Amino acid sequence: MSTSHLYHRRRVIAGLAASFGAALVPRLYAANRSDVVIIGAGLSGLYAALLLTDAGLRVTVLEGSSRAGGRVHTSGDMPEAPELGATEIGPLYARVRDVARRLKLTLEPRGDPVAPFALAVRGQLISIEDWPVSEFNRTVGDERTVPPPALLQSFVTRRNPLARPDDWLEPDARALDVSVRDWLRSIGASDEALRLINEGLLTADAGATSILPSLQDGLRMDISRRMAGSQASGGVDRVVGGTSKLITGMIDLLDDHVLMNRRVTAVDLTSARAVTRCADGSTYESDFVIATAPFPSLRRIAIEPALRGAQAEAVTRMRWANTSQVFLRHDAGEYWEQDGFAASLWSDGPVNLYRQRIDSDLITAVIVGRKSDALDRLAPEERANFVIRDLEQQRPVLRGKLRPVMNHSWRQQELIGGCRHDFAPGTVSRFVPAMFESHERLFFAGEHLRRLEIGMEAAMESGEHAALEILAT
Ligand SMILES: Cc1cc2nc3c(=O)[nH]c(=O)nc-3n(C[C@H](O)[C@H](O)[C@H](O)COP(=O)(O)OP(=O)(O)OC[C@H]3O[C@@H](n4cnc5c(N)ncnc54)[C@H](O)[C@@H]3O)c2cc1C
């Protein structure tokens, strides 16, 4: 987004604030009363809170857990402080970069500090360079030159029918709200390309997840790449010291308006003011409420009057995908020199990625989609054993040299319920327009309410949208 867009947005917010603020001057606040209650102290909730506070409104943010940040979580349990959630700040992340500037955070131009990747396909280690000519590469024609982790994006880049980032929400896009499998077949992808893509899908099986969000993601990423030009980092930055610094900085700006351990259980919209109730028995009155809780958590909040129609169906039925991580350490020195393959691995086996850090002996196993649900069904101590057995099989040089450090599963974060939303075919066109609707005095935000953006920028985009709607009401 250009600076002029950002400037324009700020002027809109300032203008709306001026008219709203005038009405606020004489208002006195009783305890637990505010203009806006925000459910959730993730990026979307905190950004909405900042905009509304800047506009002169009194805001209370209720966070259900003892940690703010939601899917932004720099782990304090390991010296490397790895990110369990968001890391990469894309070149077009205007809001995230604006907040980082305001907080005087330093950004450094790089993605994760992870060693280069080799492939493990059908149990064979293959270098990226050898992939096009490998006998284990059973893809066809032009597909052969594309490493498996880049296959879906390569099809999207070459065959994307969307031209602008908001096209996916237009009525014409309905015809594209089909499964990943059907779309890939319609453009002539081979069975093996389809299999490899399916092995790495974050969401449900390729037959059960819509291609439309991937077309929008892909278009947005292609635009980012064009903007980044020849920069070695791809225009991607990260926060020095960890992404959670964004969260702590925003909370500092919000003073004492963020309350922890306040799990919201009910929102009553039947009176002149909304009443939000928490599991600890506390209640909060406000003119408006913004709910940023991901749907697996939102569906457990009793909303009165209840949501209706497609909006209710979206909240109840939308699936959330999962990402699990298992952290291991090794004492095998530069083991990649011994077996001759790059240190990190992309695999079509039960573990999707092994990411070897370049600055320590830490290996992060990343398991996504249905594979992560299978892993999560194991007892916590068994998960590391399962991953160690798999990695030892792929790389015999690591036999007896691995030890477990920690597991993390986004599915098992009770108030989040997964790493991101997952649209079944046909549900983008049915759910999305309804998901954006406000309900009485209740507004919605969260990454799942993205329009043009992706990731952290989408979370802030949605928070801004809810804040602007309230200011305009
Ligand atoms: C593994 C992973 C990697 C990622 N990598 C990137 C990346 O590199 N770049 C990028 O841009 N994005 C990335 N993302 C996406 C990014 O993290 C999210 O888009 C963003 O953090 C979502 O913010 P949110 O506010 O919408 O939701 P959340 O962060 O989920 O926040 C919701 C908050 O609401 C709280 N809550 C829920 N229910 C209740 C309740 N009943 N009462 C009170 N509080 C409640 C939760 O505890 C939580 O704090 C990644 C995400 C994951 C999981």
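**Strand β1**

I began with strand β1, residues 33-39, in this predicted model, and found that 6 of its 7 residues are buried, so the strand is largely enclosed by the rest of the structure. I then looked up which strands pair with β1, and noted that strand β10, residues 283-291, runs parallel to it and is joined to it by 6 bridges. For a specific pair in that pairing I took Val37 of β1, which stands opposite Val289 in β10. Strand β2, residues 59-62, also runs parallel to β1, and here I recorded 4 bridges between the two. The bridge partner of Ile38 in β2 is Val61. I add as a reminder to myself that side chains in a regular strand alternate between the two faces of the sheet.

**The ligand and its shell**

I turned next to the ligand, which is surrounded by 34 residues, the closest being Ser44, Glu63, Tyr93, Ser297 and Glu447. Where do oxygen atoms of the ligand come within reach of polar atoms of Ser44, Tyr93 and Gly70? For Ser44, I read 2.6 Å between an oxygen atom of the ligand and an N or O atom in the side chain, while for Tyr93 a polar side-chain atom lies 2.7 Å from an oxygen atom of the ligand. With Gly70 the polar atom belongs to the backbone, and the distance from a ligand oxygen is 3.5 Å. I also noted the area of the ligand, which taken alone exposes 1000 Å², of which the protein buries 91%. The elements that give two or more residues to the shell are α2 (43-54) and α15 (455-472), and α15 gives the most, with 3 residues. Sorting the shell by residue class, I have 17 nonpolar, 11 polar and 6 charged residues.

**Ser409**

My last entry concerns Ser409, which I located in strand β17, residues 402-409. Is Ser409 buried or exposed? Its relative accessibility is 3%, and because the cut-off for buried is under 20%, I enter Ser409 as buried. The side chain of Ser409 makes a polar contact of 2.5 Å with the side chain of Asp376, and a polar atom of that Ser409 side chain lies 3.2 Å from the backbone nitrogen of Arg411. Leaving aside residues up to four places away in sequence, I listed Asn322, Thr323, Ser324 and Asp376 as the residues that Ser409 touches. Asp376 therefore enters my notes on Ser409 both as a touching residue and as a polar side-chain partner, in the setting of a serine that counts as buried.

How values were computed. Residues are numbered from 1 along each chain as its sequence is written. This is a predicted model: local features need pLDDT of at least 70, side-chain atom pairs count only at pLDDT 80 or more; totals for chains, interfaces and linings use all residues. Side-chain values use heavy atoms; hydrogens and water are left out. Buried means under 20% relative accessible area, exposed over 50%, partly exposed in between (1.4 Å probe, protein chains only). A polar contact is a pair of N or O atoms within 3.5 Å; within protein, one must be able to donate a hydrogen and the other to accept it, and residues adjacent in sequence count only if both atoms are side-chain atoms. Contact means heavy atoms within 4.5 Å. A residue is near a molecule or strand if one of its heavy atoms lies within 4 Å of it. Accessible areas come from the Shrake-Rupley method with a 1.4 Å probe; for residues, only the protein chains shown count as cover. Ala, Val, Leu, Ile, Met, Phe, Trp, Tyr, Cys and Pro count as nonpolar, Asp, Glu, Lys and Arg as charged, and the others, Gly among them, as polar. Two strands pair if DSSP finds at least two bridges between them.
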